[in-house]
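User: I'm new to this one. Could you walk me through how the labels on it are earned?

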Amino acid sequence: MRNITTMIQRELGAYFLSPIAYAVSAVFLFATGLAFGLGTFRNGAEASLRSLIEFWAMLILVFVLPMLTMRLLSEEYRSGTIETLLTAPISETEIVLGKFLGAFVFFLILLGAMLLYPILLATFGPVDPALLACNYIGLFLLGALYISVGLFFSACSSHQIIAVLLSFAFLALMTFASQGLAQTVEGWPRALLQHVSVRTHFFDFVRGMVDLNHVVFFLTTTALFLFLTVKRVEMRRWQ
Amino acid sequence: MIQVTNLTKRYGPVLAVDDVSFHVERGGVVGFLGPNGAGKTTTLRILSCYQPATRGSATVRGFDVFGQSMEVRRLVGYLPESAPLYPEMRSREYLNFRGKLRGMDSQECRAAINRVTERCWLGEFIDRPIGHLSKGMKQRVGLADAIMHNPEVLILDEPTIGLDPVQIRETRNLIKELGEDHTILLSSHILHEVEQTCDRTIIIAAGRIVATGSPQELRDQLSAKARVVAEVQGPIEEVRGAVQGLEGVLNVEATSSDGWVRLAVEPEPQRDVREALFRLTASKSWTLRELRREGATLEDFFVQVTARQQQAVIHTDNR
């Protein structure tokens, strides 16, 4: 546990020392701000983040989170620092969890900055706190899943660009395309594609429902990708 | 302290380390010497628990590097080749991070950082971002990290590579100093360095150990086989016959050039035939203008054994 805390501190520190994290935060805030300003923040519209979160937040996170996770492991492999890490008394699981949580805490900071929008809305009309909480729970779970996928692809390549492109492609497929693709196939592939459709699972959180099914989907898929990342790091020792 | 038994490592079809066995006693500096690609880094990586071996075993103070990896990692300080570091961190932050990974609390970290800053002459560079440091300074930060938890065993992969001559001398002195209370295994492809810093040398080529011993022992092994070279003025066949007839001479090669006969004499091991050779030429009134034992440097030995080993490998491949 102590090792995980040490890793989280180191990863968060690395974020604040690297220009990429600032650029990514700027892009995130600009994009969500644009979606909020044009879509929600106007006369007669509903005083909730619904239209922002229904589509735009997902799209933005598909692009923003892989940019946060791409360097987590691939940079260690490229620069060789992975050798110092894997010869210190810390397990692969602790390394992966520490890196995951470091990125997740950074993501929470971004979400915290996004609270500005409901505060703005509240000055013009009543914002439903329960709905907002529900939206945020959805975003936590969505972010955790995306970060675990990004971390996995970061463990797959020593090139950040390859890691980020694979993550983009995979997340876009999982989030937006799998429902459509499911219509084109039969049998178990259809069931699988329907099951992994992130958009479908996320939709209830947008509407203000916390369904345990969806919570379990997000948590287990996140755990699966973290597990795969640990296995991938263990495997690369042999190469 | 370190015991390596029948260690083999394959990367796919490539055999990097081939059935290597050796041991390192407590205390002192042991040099791991070999040409590039001989399997030095691979062996050190197995010992530092970075990579598992394909076959064979390795233990550090009785702990198996594969089965009891965490214990070994706590005992060992490891400096990988070219000292990889995080460029965005300051040296102090980096060492603090490394100290915490090894289970030190903030106070212990601070004390350890002060100690290694002094030991590795980091000075004011301790508060600079690592990305701004020179190659030599980075190497020192890496070394500082390796000795921070006062490990019983230090494994250093090419600790002086990329340093300037002054830094090389400083690093060698530091290693010698550290050798007084740590067991050090270091790799190098520079013979001179191993000769200067190490108490014992293990020569490895093409994944196999070809010789071990102190630099002095290796030199003795070599001088036992030293040839004697002489230049004599006289009839070539007669000279050859007479020298061949001397006691202790195994073989003579004679070549003639502008009236002089050049002799290369191979004596029996541990035998010096120079005196007998001089008496012979004096009694026959042949003029002798050169008489010497051919250079017995560690360098020749190194080139000899590694070349022989590599040839052997080529032969096996052809078969």
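Analyst: Sure, here are some labels and the reasoning behind them, keeping in mind that this is a predicted model.

User: Why are strand 11 and strand 13 of chain B called paired?

Analyst: Pairing takes at least two bridges between two strands. Strand 11 (residues 228–233) and strand 13 (residues 260–267) of chain B have five, running antiparallel, so they count as paired. One of the matches puts Val229(B) with Ala264(B) as its bridge partner.

User: What makes strand 11 and strand 14 of chain B a pair?

Analyst: Six bridges join strand 11 to strand 14 (residues 287–293) of chain B, again antiparallel. The bar is at least two bridges, so this pair qualifies as well. Here Glu231(B) stands opposite Glu290(B).

User: How do you know which side chains of strand 11 of chain B point to which face?

Analyst: They alternate: Val228(B), Ala230(B) and Val232(B) are on one face and buried, while Val229(B), Glu231(B) and Gln233(B) point to the other and are not buried. Alternation between the two faces of the sheet is what a regular strand does.

User: What makes Ile147(A) stand out in the largest nonpolar core?

Analyst: That core has 130 residues, and Ile147(A) is among those touching the most other members, along with Leu142(A), Ala144(B) and Ile155(B). Leaving out residues up to four places away in sequence, Ile147(A) touches Leu65(A), Thr69(A), Phe100(A), Ala103(A), Phe104(A) and Phe107(A). A touch needs C-beta atoms within 7 Å, so each of those pairs meets that limit.

User: And what else is there besides that core?

Analyst: There's a second, separate core of ten residues, including Val228(B) and Val261(B).

Notes
Residues are numbered from 1 along each chain as its sequence is written. Chains are lettered from A and ligands numbered from 1 in the order in which they are written. This is a predicted model: local features need pLDDT of at least 70, side-chain atom pairs count only at pLDDT 80 or more; totals for chains, interfaces and linings use all residues. A nonpolar core is a set of buried Ala, Val, Leu, Ile, Met, Phe, Trp, Tyr and Cys residues joined through C-beta atoms within 7 Å. A residue is buried if 20 or more other C-beta atoms lie within 10 Å of its own, exposed if 12 or fewer, and partly exposed in between; C-beta atoms are placed from the backbone. Two residues are in contact if their C-beta atoms, placed from the backbone, lie within 7 Å. Helices (H or I, at least four residues) and strands (E, at least two) are DSSP runs, numbered from the N terminus.
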